[in-house]
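Here are a few exercises to work through at your own pace. Try each task before you read its solution.

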Amino acid sequence: MSIKSDSWGSRVGLILAMAGNAVGLGNFLRFPVQAVQNGGGAFIIPYLICFLVMGIPLLFIEWSSGRYGGRFGNHSTPYILDSMSKNRIWKYIGVFGIFTNVAVASYYCYIESWTMSYVYHSIVGTFNGMSQAETAGFFNSYVDIKQSTTGIPYEAVVFYILCLLINTYILSKGLKGIEKVAKIGMPLLILFGVVLAVRGLTLGTSGASDIFPDANAWDGLNFLWTPQFDSLTNPKVWLAAAGQIFFTLSVGMGTIHCYAAYLDSKDDVALNSVSAGFMNEFVEVVLGSMIVIPIAAGYLGLDWVIQNAGFGMAFQTMPYLFQQWGGMIAIFAGVFWFGLLFFAGITSSLAMGTPWIGFMRDEFGWSNNKGAWSFGALALTMGLPTVFFYNEGLFDQYDYWAGTVSLVIFAFLETILFSYIFGIKKGWAEINLGADIKIPGIYKYIILIVTPALLGWVLISSIPDMIDRVKDADTHNKEWFTDAYYAENFESTGLKTAKVEEVSENYIKLSFENEKKVFDKVTEKIKIVSFMDTKEYNFDSEKNQKATVNVGDVISPKTKIAKGEFINNTFYKFLGRMLLLSLFAFISIVVARAYNKRVKEGRN
Amino acid sequence: MNTTALITMVLAQGIVTCFAVYFFYKVLTIKPKQEPDSFSENDNDELVHKKD
């Protein structure tokens, strides 16, 4: 039996660390974007219902499973799940709980490093006087590692490695280090968030300009909060709400199990889990909804927000908006915003290191230091390809397969294990053991029926998308290495043609009819309007790439538009998937070796 | 802001804030369990009691 070699300092520290694990960049970026893309006010009701019937039950399951496994000296999911069932397969399903964390940490630290870099750029005034397009362009230059915005060669890589080093160093200090960061980071995050939210709430029409005369922050808030009850019957909205709850609480990752494994059996998990869960919801629903959308709507108008809402707004739009506040306020706003994102990020990425460290200590007697630095090395190895091939789509593959699919699969399986194999009777007793609050009895049936059914629905609904991803259905340039380039779809249906407006040897500009969503203030509904859109292609003369179309040509998707040497993104996407598979295989082998070691030592 | 949106926002945010504050307040005020527990910062409490 392994020994418990680490512990939480205090209950508040544990809850802040758990809340910090859950509060991430998604609270400020994913939530408002999901809300906007799913009808604004229509989103919040399914979202809160999913929190009650899927989020809280999953928190109960993960906290109690973790504490249960910790009783047997297991601090990561392979052997936590193994301790709940006699079937050997569960330890290999538990591999997800380490795999997801290493893979997600590897690219998540890259985003975290952007926030560090942007704090620096906000302080030195890089964004002063930049137009909106220039601010967006700055981000594109930043992630193109060949370019440098500070003069430091490979700046993006340098910041990434620095960020990973900070994470690894803190992890090497054990749970106390994580707790300390959470105790400093969470209050600061809330403080920064409140300051920016007050600004979002009070901006009103003061940000309107000649370019965006209709800009009004209230429009953004109206759109977010006007309930549209007819959307409640739309399964897509429910699916998006369930997905958001899932990602915001960091369930299905294995980090909650790991943190809870350091609790004693008489320690409460019921109150702790709902407290951490609601703290996350406070940050998301209260602060997350009052920053990006109202501020962007206040300067750029609601229609701009509806058309452009996305993760990139944090880096491509917000610095420009802060500049409108002028001077020192702009600097403070930049520091607050990117500082807030940094704290949200680091409290999550630190949690991702703990399952690997816990596993290697439990099974191979590795010290915290060795575990932390090996995690850093593993994350660096997995993460560098995402830094180098960010624009080629490798990053998105990690985010999709490790940061999305993996979580849903693992959460579904762990719920089945908890409710039907470990048994709901034992499970319910485990949740209530040492509980400081009385959990309503209905949750027993929710955990047994509603939560697995919802998760199963989310999982099954995601299968067509998974197949499309593997088949690279989003592109007409499927060959890895080729001598021709074909036009992609111009708009979502892929049925419309485009006209060639401009051509040079290495450049093509196309125009085509597209549709966009705009908000009708009279009916308070979104309507679709047509407009002429453009698309540009740039080709590389060093690879002999040349346009093969002429001005005035009308072309459809899949038409050959250039010749030369091409390495298509499908190659990098495949590489990303193979790297993730290799990581999963590697961790499975480590788990198998741990199993053999246990058998030899008579510990199994 | 229109009235419906304002009511929805205040209700949703109010409910979430109330629950978050209520549960965290409970965590802060609930009587700690008898030592030894799993938290190390209060490990000296038992010794203090014994001295008393």
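## Exercises on chain A and its neighbour

Begin with the contacts in chain A that have a separation of 6 or more: residues 24 or more positions apart account for 78% of them. Keep in mind that this is a predicted model.

**Exercise 1. Find out how the radius of gyration of chain A fits the value for a compact globule.**

Step 1: Take the length of the chain, which is 604 residues.
Step 2: For that length, a compact globule would have a radius of gyration near 25 Å.
Step 3: Chain A has 25 Å, so the value agrees with the rule.
Step 4: For a second view, look at the box filled by the C-alpha atoms of chain A, roughly 75 × 55 × 50 Å along the principal axes.
Step 5: Now add burial: 51% of the 604 residues in chain A are buried, where buried means that 20 or more other C-beta atoms lie within 10 Å of a residue's own.

**Exercise 2. Describe how the two domains of chain A are laid out and where they touch.**

Step 1: Write down the bounds. Domain 1 of chain A covers 11-470 + 576-600, and domain 2 covers 481-567.
Step 2: Place the centres, which are 34 Å apart when taken over C-alpha atoms.
Step 3: Count the contact: 6 residues of domain 1 of chain A meet 6 residues of domain 2 of chain A.
Step 4: Ask which element gives the largest share on the domain 1 side. Helix H16 (residues 302-308) of chain A does, with 4 residues.
Step 5: Sort the residues on that domain 1 side into 3 nonpolar, 2 polar and 1 charged.

**Exercise 3. Trace the strand partners of E2 in chain A.**

Step 1: Start from the whole chain, which has 24 helices and 7 strands.
Step 2: Locate strand E2 at residues 498-504 of chain A and strand E3 at residues 507-520; the two pair in the antiparallel sense over 5 bridges.
Step 3: See how the chain gets from E2(A) to E3(A): a hairpin joins them through 2 residues. A:Ser504 has A:Tyr507 in E3(A) as its bridge partner.
Step 4: Turn to the other partner, strand E6 (residues 554-555) of chain A, which runs antiparallel to E2(A) and is joined to it by 2 bridges. Here A:Ala498 stands opposite A:Ile555.

**Exercise 4. Work out what each chain brings to the contact between chains A and B.**

Step 1: Count the residues: 32 come from chain A and 24 from chain B.
Step 2: Sort the chain B side, which divides into 13 nonpolar, 7 polar and 4 charged residues.

Methods: Residues are numbered from 1 along each chain as its sequence is written. Chains are lettered from A and ligands numbered from 1 in the order in which they are written. This is a predicted model: local features need pLDDT of at least 70, side-chain atom pairs count only at pLDDT 80 or more; totals for chains, interfaces and linings use all residues. Domain bounds come from an automatic or database domain assignment. Two residues are in contact if their C-beta atoms, placed from the backbone, lie within 7 Å. Ala, Val, Leu, Ile, Met, Phe, Trp, Tyr, Cys and Pro count as nonpolar, Asp, Glu, Lys and Arg as charged, and the others, Gly among them, as polar. Two strands pair if DSSP finds at least two bridges between them. The radius of gyration is taken over C-alpha atoms; the globule rule is 2.2 Å times the number of residues to the power 0.38. A residue is buried if 20 or more other C-beta atoms lie within 10 Å of its own, exposed if 12 or fewer, and partly exposed in between; C-beta atoms are placed from the backbone.
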